[in-house]
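Here is a quick walk through one model, starting with a charged pair and working outwards. Keep the viewer open while you read.

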Amino acid sequence: MDVVHPRCAALDLGKDELVGCVRIHDETIRQECRPFRTTVKELLALSDWMASEGVTHVVMEATGTYWKPVWHILEESFTLILANAAHVRGIPGRKSDVNDAMWLADLLAHGLIRGSFIPPAPIQDLRDLTRTRKQLVREIVQHTQRIQKTLDDANLKITGLITDILGVTGRAILKALIGGETNPERLADLARGRLKAKRSRLIEALQGWVTPHHTMLLKLHLDLIEAIEAAVDNLDREIGDALAPFRNAAQKVKTVPGISDLAAQGVIAEIGVDMSRFPTHQHLLSWACLCPRLDQSAGKIHSTRTRKGALWLKTLLIQCAWSAVQGKDTYLRAQFYRIRARRGPKKAIGAVAASMLTAIYYILRDNVEYRDLGPNYLDTIDRSRLSRRLVRRLENMGYHVELSGAA
């Protein structure tokens, strides 16, 4: 095979140590490996060593978060490539840090490593904020479920009456219980809105067996929820500041049905705004694992399931797709019901998510807003096929059909 990078290096990363391998291809091939610690002083020494050898390209595996500090120090001096560990596995039975570094160097020298998508620093900062926010919201949900479990243990059957236990009425009742109030009528007086009409049922549901142990647990979880909610509010302000340079792009992404403000922030944080990194929308769909995998052998297709990966973006788009198909008279809704009849709801919602990401690709690439194709688009693109299908259905029902053009 031809040598693409005659002077390159590879790094096998660990938490406290790494192994660097420099590969020089002149008249002969020379490889040299050295261990380094991951402190700033040692990483600067690694950079000086590779620069003295004339290295131009450096590859490292995407191992947890260990690659990030190394990347930040080396990115100004070398062309860096982040490799997916699943794509560059070495030969089984020959596993060591030195062998892994030499194997990566050989692959890089022959151009056999495809680099991962690394967004610019502002997008990386925004991505950290949006992912942290999502994790905190998940923690709020977990503590809310623990509050519901505690209420059930105290035989307070209010979770069936109050939709949101953290709403105005729910919080007021929780704080009254924490304060020692157990009288069902006084607790029912805290109801607001439509719950006032359910006073008798609410009184019955609030007749429980509340012990100091229950109130302690309720206070613990409610305090944690309020602390996390305060942290989420702070994150929202930070996200707003980080999103300022990309505000126009986020507003255009939000024009896609099913995309809210938070969803637009998440999409921008995951894929950025520069679509030149993806030659076509198919490349973006493949990166997001929203297209069928290629699993074919001996002329047979073994699987068309989507690949595992891109969990943050894929789950976000699937949630947005479920919201989008609720809208009336839209292309996405028509696409969902058309595919669901043949392939089921999961395949259909995946296709809708892929269509949404395709639209987002062209919105960001061309700086335009979303334009819906309409609910009848799929019926009009091939009228002859639709006509044959409808005629066949009528004939299966026992009718004789003759078609003639409209006057």
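## A salt bridge between two helices

Let's start with Asp-236, which is partly exposed at 29% relative accessibility. This is a predicted model, so take the numbers below as computed from it. Asp-236 forms a salt bridge with Arg-133, and the closest N and O atoms sit 2.6 Å apart. Arg-133 is buried, with a relative accessible area of 16%, which falls under the 20% cut-off. Since Arg-133 belongs to helix α4 and Asp-236 to helix α8, the pair ties together parts that are 103 residues apart in sequence.

## Helix α8 and its packing

Helix α8 covers residues 212–243. How far apart are its end C-alpha atoms, and what span would be expected? The 32 residues of the helix should span 46 Å at 1.5 Å a residue, and the end C-alpha atoms are indeed 46 Å apart, so the two values agree.

The buried residues of α8 include His-214, Leu-218, His-221, Ile-225, Val-232 and Leu-243. Thr-215 and Gly-240 are also among them. The buried residues of this helix pack against α4 (121–153), α5 (168–178), α9 (247–253) and α10 (261–271). Helix α4 thus turns up twice: as a packing partner of α8, and as the home of Arg-133 in the salt bridge.

## The other salt bridges

The total comes to 17 salt bridges. Asp-189 and Arg-199 make one of them, at 2.5 Å from N to O. Asp-189 sits in the loop between α6 (184–188) and α7 (199–205), while Arg-199 is in helix α7, 10 residues apart. Both ends are partly exposed: Asp-189 has 47% relative accessibility, and Arg-199 has 33%.

Asp-366 and Arg-365 also meet through their side chains, at 2.9 Å from N to O. Asp-366 is partly exposed with a relative accessible area of 38%, and Arg-365 is partly exposed too, at 45%. There is also a network, in which salt bridges that share partners join Arg-30, Glu-32, Arg-34 and Glu-53.

## Strands β1 to β3

Two of those network residues, Arg-30 and Glu-32, fall within the range of strand β3 (residues 29–37). Strand β2 (residues 17–25) runs antiparallel to β3, with nine bridges joining the two. His-25 has Ile-29 in β3 as its bridge partner, and the hairpin from β2 to β3 goes through three residues.

On the other side of the story is strand β1 (residues 7–13), which is antiparallel to β2 and joined to it by seven bridges. Arg-7 stands opposite Ile-24 in β2, and a hairpin through three residues joins β1 to β2. Strand β2 is mostly covered, with seven of its nine residues buried.

His-5 lies in the segment before β1. His-5 is buried, at a relative accessible area of 15%. Setting aside neighbours within four places in sequence, His-5 contacts His-57, Leu-108 and Ala-109.

## Aromatic pairs

How many aromatic pairs does a search of the whole structure find? The search turns up nine. One of them is Tyr-331 with Tyr-377, an edge-to-face pair at 5.9 Å centre to centre with 75° between the planes. Tyr-331 is in helix α13 (residues 331–343) and Tyr-377 in helix α15 (residues 377–380), so the pair ties together parts 46 residues apart in sequence. Tyr-331 is buried at 14% relative accessible area, whereas Tyr-377 is partly exposed at 34%.

Ring pairs also link Phe-117, Phe-278 and Trp-287 into a cluster.

## A loop residue and the cysteines

Asn-367 lies in the loop between α14 (345–366) and α15, and it is partly exposed, with a relative accessible area of 48%. Not counting residues up to four places away in sequence, Asn-367 touches Asn-248, Lys-252 and Tyr-362. The C-alpha atoms of Asn-367 and Ala-62 are separated by 32 Å, and these residues are 305 apart along the chain.

Finally, the disulfide count is zero. Cys-8 is in no disulfide, as the nearest cysteine sulfur, that of Cys-21, is 8.1 Å away; the cut-off is 2.5 Å. Cys-8 is buried, at 0% relative accessibility. Cys-320 is in no disulfide either, and the nearest cysteine sulfur there, that of Cys-289, is 17 Å away. Cys-320 is buried as well, with a relative accessible area of 5%.

Key. Residues are numbered from 1 along each chain as its sequence is written. This is a predicted model: local features need pLDDT of at least 70, side-chain atom pairs count only at pLDDT 80 or more; totals for chains, interfaces and linings use all residues. Side-chain values use heavy atoms; hydrogens and water are left out. Buried means under 20% relative accessible area, exposed over 50%, partly exposed in between (1.4 Å probe, protein chains only). Helices (H or I, at least four residues) and strands (E, at least two) are DSSP runs, numbered from the N terminus. Two strands pair if DSSP finds at least two bridges between them. Rings of Phe, Tyr and Trp (its six-membered ring) pair if their centres lie within 6.5 Å; planes under 30 degrees apart count as stacked, over 60 as edge-to-face and the rest as tilted. The expected span of a helix is 1.5 Å times one less than its number of residues. Contact means heavy atoms within 4.5 Å. A salt bridge is a side-chain nitrogen of Lys or Arg within 4 Å of a carboxyl oxygen of Asp or Glu.
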